Amino acid sequence: MGKDSKSKDAGGKGKGKQAAGGGDENASKGKGKGGKAADGLGTCTYVKARHVLCEKQGKINEAYKKLQDGWLSNGDKVPAAEFAKIAAEYSECPSGKKGGDLGWFPRGKMAGPFQEVAFNTPVGATSAPFKSTHGYHIILSEGRKN
């Protein structure tokens, strides 16, 4: 418990021995590592998520606009069933037929930016559109576990 408290303090203030020493070490290992220690979101081992994947940025922006108009612009969380409808309509990934459901997956299974966003999006929250090697994504985080 003591280590967690120090990590949160260091990440929140950006000062102190741990932030100065740990920040350089984390930066050399990769961008995602620093975020995990700083906010505590990315410290879990498994994430349960849904996503929408589109090859074209215009299409993912259209899907995101539907999510914004229905929920996000009001500060509401997108219900999983509603996200699933958007995924079924817009996603070009085979998971789109299952409402974008990726199930539980461990750290290290997904590539670069996808993993970073998936492991740093709070449960119940929807990510903004982002680009990976596979195209453009939106992620709905549904759970975390170790």
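Visitor: Which elements give two or more residues to the largest nonpolar core?
Guide: In this predicted model, the largest nonpolar core has 15 residues. Those with the most contacts inside it include V52, I60, L67, F83 and I138. The elements that give two or more residues to this core are strand 1, helix 4, helix 5 and strand 4.

Visitor: How many residues has the other core?
Guide: Another core lies apart from the largest one. Among its members are C44, V47, F105 and F130. Its residue count is nine.

Visitor: Why do the buried residues of helix 5 line one face?
Guide: Helix 5 spans residues 80-90, and its buried residues are F83, A84, I86, A87 and Y90. Seen down the helix axis, these buried residues line one face because they fall within an arc of 165 degrees.

Visitor: Which exposed residues does helix 5 carry on the face turned away from its buried side?
Guide: The buried side of helix 5 packs against strand 1 (46-54), helix 4 (57-70) and strand 4 (135-145). The face turned away from that side carries the exposed residues A81, K85 and A88.

Visitor: Which residue in strand 4 is the bridge partner of C54?
Guide: Strand 1 is mostly covered, with seven of its nine residues buried. Strand 1 pairs with strand 4 in the antiparallel sense over nine bridges. In strand 4, the bridge partner of C54 is Y136.

Visitor: What is the bridge partner of A49 in strand 2?
Guide: Strand 2 covers residues 101-106 and runs antiparallel to strand 1, with five bridges joining them. The strand 2 partner of A49 is G103.

Key:
Residues are numbered from 1 along each chain as its sequence is written. This is a predicted model: local features need pLDDT of at least 70, side-chain atom pairs count only at pLDDT 80 or more; totals for chains, interfaces and linings use all residues. Side-chain values use heavy atoms; hydrogens and water are left out. Buried means under 20% relative accessible area, exposed over 50%, partly exposed in between (1.4 Å probe, protein chains only). Helices (H or I, at least four residues) and strands (E, at least two) are DSSP runs, numbered from the N terminus. The arc is that of the directions from the helix axis to the C-beta atoms. Contact means heavy atoms within 4.5 Å. A nonpolar core is a set of buried Ala, Val, Leu, Ile, Met, Phe, Trp, Tyr and Cys residues joined through side-chain atoms within 4.5 Å. Two strands pair if DSSP finds at least two bridges between them.
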